[in-house]
Each structure stands twice: as structure tokens, then as C-alpha cells.
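Trainee: I should like to learn how to read the features of a structural model in an orderly way. Could we take them one at a time?

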Amino acid sequence: PNVQESDKKEAISEKPSRIGSRILVFVRLRPMAKKEKEAGSRCCVRILNRRDVYLTEFANENDYLRLKRVRGRHFTFDASFPETTTQQEVYSTTTAELVEAVLQGRNGSVFCYGATGAGKTYTMLGTLGNPGVMVLAIKDLFTKIRQRSCDGNHVVHLSYLEVYNETVRDLLSPGRPLVLREDKQGIVAAGLTQYRAYSTDEVMALLLQGNQNRTTEPTRANETSSRSHAILQVVIEYRVRDAAMNIINRVGKLSLIDLAGSERALATDQRTLRSLEGANINRSLLALSSCINALVEGKKHIPYRNSKLTQLLKDSLGGTCNTVMIANISPSNLSFGETQNTLHWADRAKEIRTKACETNENLLPTPATETDQAKLLLELQKENR
Ligand code: ADP
Ligand code: MG
């Protein structure tokens with residue numbers, strides 16, 4: 001009966017992987033936006049060696065060229081993506097291994113974290129011309145299924161939902177809020193659309209349409225709410241025969257999550273509803289952090305019940321599940337505060353991981369030298385001149 005558990009063990013021993021019961025943390029820097037340039041932005045983030053992120057604070061905006069006045073901070077992640085990184089590179093580095101694991105009947109999840117405008121939706125969903133992780137993962141999944149001999153055997157279902165103000169909504173079939181129920185398989189959203197996917201072609205349009213259904217800000221009618229979390233769940237089911245030729249069912253689930261903006265709710269024109277929304281967003285993000293902390297520290301009690309988001313992700317966060325975080329940041333000094341918060345958060349997530357996975361410490365590169373840092377400052381100054 002506990003087929004899946006043994007399968008998971010087998011999968012782990014089959015392929016010693018850099019993924020496991022630990023969190024991988026990545027940072028993606030987006031290009032400077034036109035609006036930011038027009039507002040006189042300077043670049044305050046630089047990525048070196050594909051791992052190191054340098055954040056520079058211009059102590060005095062008028063004197064930013066003077067080296068003495070510049071303070072810097074250095075962070076290191078599993079990988080850091082400069083602004084020139086393609087969607088495919090981001091996918092291959094962060095998520096491709098998880099797709100492989102999902103095909104072995106394991107669960108995995110990828111989160112995009114960061115302030116509004118930092119590039120989370122671009123990274124996850126992308127555009128028609130530049131599809132993101134969600135679409136590339138599904139494309140890869142179908143390619144891998146086709147490469148397997150028994151491809152007729154695989155069934156792929158998609159569901160796309162939103163958590164907004166602690167309310168769950170179906171993005172593929174918008175309507176009344178969905179109720180979460182606990183059944184044998186765990187927590188399920190009752191009545192959630194399970195879209196059977198046969199190929200990649202139909203998926204991008206479906207997801208773009210779903211994204212249109214995300215809750216919009218009442219004050220900015222066409223903009224997606226920064227308070228809405230979007231979750232795409234890709235479930236793959238197939239049958240295999242065990243050593244005794246019994247047919248067993250394998251199910252793997254990949255959750256791809258575009259989190260709400262991590263910035264604090266703005267204090268302007270916030271009425272009761274807004275502060276309620278803000279509180280709930282904090283609650284969901286906070287609950288997510290607490291769950292991850294508890295899981296990595298091996299605690300018995302994981303506080304999934306604290307928010308709708310963590311209830312929905314209950315089977316995608318623990319055990320032998322693989323978790324990946326992508327922290328999105330802007331290069332502009334106008335977003336310095338948000339970028340610093342995001343990097344601190346990501347850095348903490350990374351530290352938790354290294355504590356739990358001491359054998360993987362060799363993943364971290366040697367810190368950059370002072371000469372590297374000085375070179376970087378010169379480059380930034382040139383660029384900002
Ligand atoms: P978020 O979802 O975090 O609020 P978006 O993904 O909507 O932010 O990004 C804000 C803007 O920046 C969008 O117009 C998006 O197309 C653009 N953008 C974000 N990341 C990139 C990138 N890596 N390359 C090009 N444009 C990007
Ligand atoms: Mg977004």
C-alpha cells in the first residue's frame with residue numbers, strides 16, 4: 001500500500017542528486033525598466049561568478065560617484081542570474097531536475113518570491129514570445145514522456161488557482177470561492193478544475209487566460225493584484241510494474257507558485273479591507289516561512305494550518321519533496337530597500353538549508369576577494385555615469 005514511499009526511496013538511491021529534503025535558493029536580477037531609467041535610476045546590484053550578488057548602497061545620492069561613500073553587501077546563492085539570463089537557462093538550472101523527480105513519482109515545488117514588479121510573473125509565466133518556468137516545465141515533461149517507451153500510459157492534469165485574501169479561487173474556471181477539504185489524498189480544493197493536458201501548445205494560452213483571471217487591484221483596474229498568490233499544480237500519473245509484476249500507480253506533483261508581492265502593504269488609502277488583505281498576505285508568507293523552517297529543522301509539528309497557501313502546499317513541501325526558491329530583484333537603487341529585504345530573506349532560507357545538509361557545503365564557492373569587489377565598484381560607477 002505504501003508504494004509511493006518505497007518508490008521515493010528507490011528514486012533517491014538511484015540518483016544521488018543535489019536536490020533532496022533541502023531548499024535550493026536562486027536569485028534572478030531583471031533588466032532595468034524604462035520607467036526606472038527615466039526616473040534617473042542607478043544600478044545597485046551586480047552578479048559575479050553566477051553565484052555572488054553584490055548590493056551597493058549609495059550613501060549620498062548626489063555623491064554616488066565617490067567610492068568612500070559607497071557601502072556594499074555580498075551574498076552567495078546556489079546560482080544567481082544576471083539580467084541577460086534567458087528563460088530557458090532559468091528553467092534548466094532551477095526546475096529541470098524537479099521535473100525529472102516528478103516523473104519518478106515525487107513531489108516538488110518552485111516559489112518565486114520578491115517585491116511587486118521584481119519579475120516573479122515574468123519568471124513563472126513569462127510572455128507568449130518568452131514563456132517562463134511554468135510553460136517550459138510542462139514542455140519538458142511532455143518531451144520526457146515521449147522519450148519513454150510507454151508514453152500512452154501517462155496522464156497529465158493541470159490546475160491553476162489563486163489565494164487572495166485567504167480565499168481560494170479557480171483561475172481556469174472563475175466563479176465562487178473554493179472550499180478546502182481534507183480527504184485521503186490530503187487537502188483538496190473541492191470542485192477545482194483538473195485540466196487534462198495532451199500537449200504543450202494549448203498550455204500557454206490557457207495559463208495566460210488564467211492569469212487574466214487573477215484578482216485585480218480595485219484602484220488599478222488592469223493590474224494584477226500584488227496581493228494574490230497563484231499556484232499551478234501539474235499532476236502526472238502513470239502505471240508501472242514492480243518486481244513481482246504487480247501494476248502500481250505512481251503520482252508525482254509539481255507546484256509552481258507565483259507568490260504575492262513581499263513588500264509591506266502601502267499605508268496610502270488603505271481602509272479596513274486593505275489592512276485585512278495586508279494582514280492576510282503577511283499571514284500566508286509568514287506561514288510559508290514557518291513551515292519551511294519547521295521542516296528543515298525536522299520538527300514534528302509543521303504549522304500548515306496557519307494559512308490557505310500552506311494548507312494547499314501541504315503535500316508539496318515536506319518529506320522527500322524538493323523545494324526551490326527563486327528570489328526576484330530589480331537592479332534600480334530606487335528599489336534598494338525591497339531588494340535588500342528580498343536578499344536577506346533568501347539568504348536566511350539558504351542558511352537553513354546548509355545547516356540541514358552539511359554534506360552539500362561544497363556547493364558554495366569561495367568568497368570573492370577585495371580586488372573583485374573594488375573592480376565591481378568601478379564597473380558600477382562607470383555604468384552609472
Ligand atoms: P512581479 O510579478 O514580480 O510583480 P513582473 O513579472 O510583472 O513582476 O515584472 C514587472 C515588469 O518587468 C514586467 O513588465 C515584465 O515583463 C518585466 N520583466 C520582469 N523580468 C524581466 C526579465 N527577466 N526580462 C525582461 N523583462 C522582465
Ligand atoms: Mg506578478
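**Reading the model**

Mentor: Gly337 is partly exposed, because 13 other C-beta atoms lie within 10 Å of its own. Gly337 belongs to helix α11, which covers residues 336–356. Please keep in mind throughout that the model is predicted.

Trainee: How many C-beta atoms must lie within 10 Å for a residue to count as buried?

Mentor: The cut-off is 20 or more for buried and 12 or fewer for exposed, and a residue in between is partly exposed. Gly337, with 13, therefore falls in the partly exposed class. In the chain as a whole, buried residues make up 40% of the 385 residues.

Trainee: Which residues in the loop between β2 and β3 should I examine for their backbone angles?

Mentor: Asn49 and Arg50 both lie in that loop, where β2 spans 45–48 and β3 spans 52–58. Asn49 has a positive phi of about 55° although it is not a glycine. Arg50, also not a glycine, has a positive phi of about 65°.

Trainee: Is Asn49 buried or exposed?

Mentor: Asn49 counts as exposed because it has 12 C-beta neighbours inside 10 Å. Arg50 has 15 such neighbours, so it counts as partly exposed.

Trainee: Where does Ser173 lie, and what is its exposure class?

Mentor: Ser173 is in the loop that runs between β8 (167–170) and β9 (180–183). It is partly exposed, because 14 C-beta neighbours lie inside 10 Å.

Trainee: How should separation along the chain be set beside separation in space?

Mentor: One takes a pair of residues and reads both values. Ser173 and Tyr160 are 13 residues apart along the chain, and their C-alpha atoms are separated by 9.1 Å. For Gly337 and Asp183, 154 residues apart along the chain, the C-alpha separation is 43 Å. Ser109 and Arg28 are 81 residues apart in sequence and 17 Å apart in space, C-alpha to C-alpha.

Trainee: What share of the contacts joins residues at least 24 apart?

Mentor: Among contacts between residues at least 6 apart in sequence, that share is 70%. The chain in which these contacts occur has 12 helices and 14 strands.

Trainee: Which residues does Ser109 touch, leaving out those up to four places away in sequence?

Mentor: Ser109 touches Ser255, Ile257, Leu313, Ser316, Leu317, Cys321 and Thr323. Ser109 itself is in strand β6. It is buried, because 23 other C-beta atoms lie within 10 Å.

Trainee: How does one read the packing of two helices?

Mentor: One reads the angle, the distance between axes, the handedness and the residues that meet. Helix α3 (residues 87–94) packs against helix α6 (residues 133–147) at an angle of about 65°, and their axes are 10 Å apart. The crossing of α3 and α6 is right-handed. On the α3 side, Gln87, Gln88, Val90, Tyr91 and Thr94 take part, and they meet Val133, Leu136 and Ala137 of α6. The residues of this contact comprise 5 nonpolar, 3 polar and no charged.

Trainee: Which residues does UniProt place in a "binding site"?

Mentor: The unreviewed UniProt entry places that feature at Gly114, Ala115, Thr116, Gly117, Ala118, Gly119, Lys120 and Thr121. Gly117 is in the loop between β6 (107–113) and α5 (120–124), and Ala118 lies in the loop between β6 and α5 as well.

Trainee: Are Gly117 and Ala118 buried or exposed?

Mentor: Gly117 counts as buried because it has 20 C-beta neighbours inside 10 Å. Ala118 counts as buried because it has 25. Leaving aside neighbours within four places in sequence, Ala118 is in contact with Arg30, Asn328, Ile329 and Ser330.

Trainee: Which residues are around ligand 1?

Mentor: They are Arg30, Pro31, Ala33, Gly114, Thr116, Gly117, Ala118, Gly119, Lys120, Thr121, Tyr122 and Asn328. Helix α5 gives the most to this shell, with 3 residues.

Trainee: How many residues of the shell are nonpolar, polar and charged?

Mentor: The shell around ligand 1 divides into 4 nonpolar, 6 polar and 2 charged residues.

Technical notes: Residues numbered from 1 in each chain as written. Chains lettered and ligands numbered in written order. Predicted model: local features only at pLDDT ≥ 70, side-chain atom pairs only at ≥ 80, totals over all residues. Helix = DSSP H or I, 4+ residues; strand = E, 2+ residues; numbered from the N terminus. Contact = placed C-beta atoms within 7 Å. UniProt positions renumbered as here; feature names shortened; annotations may be inferred. Axes fitted to C-alpha atoms, helices over the stretch in contact; angles between N-to-C directions. Left-handed = near helix turned anticlockwise from the far one by under 90°. Nonpolar A, V, L, I, M, F, W, Y, C, P; charged D, E, K, R; others polar. Near = placed C-beta within 6 Å.
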